[in-house]
Amino acid sequence: MHSENSKLTLRRLPKLMLGFVIIAIGINLTIYANMGLNPWGTFHQGISSITGIRFGAVSQITGIVIIFISLAIKLYPGIGTLLNMFFIGYFVDLFDQLHFIPQVDTLPVRILYLVVGTFLFNYGIFVYLSCKLGAGPRDGLLVGLVKITGLSVSIMRPMIEVTIVVIGILLGGSYGVGTLLNAFGGGYILNSIFKFYNFNPKESKQMVITDLIKIK
């Protein structure tokens with residue numbers, strides 16, 4: 001069984017990494033739109049502005065903290081959780097340093113960046129969750145709370161993200177129409193993507209690390 005899980009993991013890794021790349025592109029687009037980041041982005045930017053640590057690195061550190069919080073409520077990480085914690089922040093900083101996406105000042109293009117970035121961010125979440133290799137730290141917490149409470153993603157996600165964005169704003173993170181779009185519309189967008197692909201996070205069995213380890 002463990003050998004089968006290992007083979008399944010290897011087959012799904014390319015799709016998992018694709019999901020991370022899509023999320024990173026979405027994050028960078030919303031940063032360059034300069035119309036307000038998603039709630040977690042506002043939180044990360046607030047910490048970054050205070051500490052001087054790069055945005056992506058703050059995202060990685062936050063992921064580690066959330067994993068420990070999740071363990072406290074018996075939500076265990078998978079290989080996807082650990083890779084998510086590292087690679088999304090890594091890709092965000094890498095694409096920014098490589099100037100992968102041109103930065104613009106014109107309002108119509110900034111609006112386009114915001115809309116496309118918001119969609120890609122949420123679509124990337126679906127792509128990697130559908131690999132069932134373990135939800136990322138933030139999404140794992142979301143999926144876990146959805147299962148525990150029985151509430152839908154469209155309700156639970158705003159509850160989490162409104163709290164996070166308030167903390168982010170207090171720390172000095174940027175906010176605006178993009179923040180509102182993500183905080184109140186992100187859950188709906190993600191839920192719509194789930195429904196389109198008939199993906200139910202409440203019934204989704206995400207693989208955890210112990211599924212890959214043979215315990216004698």
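How far apart are the mean positions of the positive and negative charges of the protein? In this predicted model, the mean positions of the 16 positive and 8 negative charges are 10 Å apart. With that separation of charge as a starting point, the following paragraphs turn to the fold as a whole and then to individual residues.

The protein has eight helices and zero strands, and, read from the N terminus, its elements therefore run α-α-α-α-α-α-α-α. The radius of gyration is 17 Å, close to the 17 Å that the globule rule gives for 216 residues, so the protein is as compact as a globular protein of that length. Along its principal axes, the C-alpha trace spans about 60 × 35 × 35 Å. Of the 216 residues, 50% count as buried, while the accessible surface comes to about 10800 Å², of which 70% belongs to carbon and sulfur atoms. If one takes the contacts between residues at least 6 apart in sequence, 82% of them join residues at least 24 apart.

The confidence of the prediction should be kept in mind while reading the details. The average pLDDT of the protein is 86, and 95% of the residues score at least 70. Among the elements, helix H5, which covers residues 107–129, has the highest mean pLDDT, at 94, whereas helix H6, covering residues 137–149, has the lowest, at 80.

Helix H5 is a convenient place to begin with single residues, since Thr118 has its place there. Thr118 has a relative accessibility of 1%, and because a residue under 20% is classed as buried, Thr118 counts as buried. Leaving out residues up to four places away in sequence, Thr118 touches Thr30, Leu181, Asn182 and Ile189.

Another residue to consider is Ala24, which is placed in helix H1, residues 2–33. Ala24 has a relative accessibility of 0% and so counts as buried. Once its neighbours within four places in sequence are set aside, Ala24 is in contact with Ile88, Phe91, Val92 and Phe95. Two C-alpha to C-alpha distances help to place Ala24 further: Leu94 is 70 residues from Ala24 in sequence and 9.4 Å from it in space, while Leu142 is 118 residues from Ala24 in sequence and 19 Å from it in space. Leu94 itself is found in helix H4, and at 24% relative accessibility it counts as partly exposed.

The loops hold two residues whose backbone geometry deserves a careful look. Most residues other than glycine have a negative phi. Asn34, however, has a positive phi of about 55 degrees although it is not a glycine, and it lies in the loop between H1 and helix H2, the latter covering 39–51. His99 likewise has a positive phi of about 55 degrees without being a glycine, and is found in the loop between helix H4, which covers 79–97, and H5.

Are these two loop residues, Asn34 and His99, buried or exposed? Asn34 has a relative accessible area of 57% and is therefore exposed, and His99, with a relative accessible area of 60%, is exposed too. A reader tracing the chain can thus set these exposed loop positions, Asn34 and His99, beside the buried helix positions Ala24 and Thr118.

Technical notes: Residues are numbered from 1 along each chain as its sequence is written. This is a predicted model: local features need pLDDT of at least 70, side-chain atom pairs count only at pLDDT 80 or more; totals for chains, interfaces and linings use all residues. Side-chain values use heavy atoms; hydrogens and water are left out. Helices (H or I, at least four residues) and strands (E, at least two) are DSSP runs, numbered from the N terminus. The radius of gyration is taken over C-alpha atoms; the globule rule is 2.2 Å times the number of residues to the power 0.38. Buried means under 20% relative accessible area, exposed over 50%, partly exposed in between (1.4 Å probe, protein chains only). Contact means heavy atoms within 4.5 Å. Accessible areas come from the Shrake-Rupley method with a 1.4 Å probe; for residues, only the protein chains shown count as cover. Lys and Arg count as positive and Asp and Glu as negative; His and the chain ends are not counted. The place of a charge is taken as NZ of Lys, CZ of Arg, CG of Asp or CD of Glu. pLDDT is the predictor's confidence in each residue, from 0 to 100.
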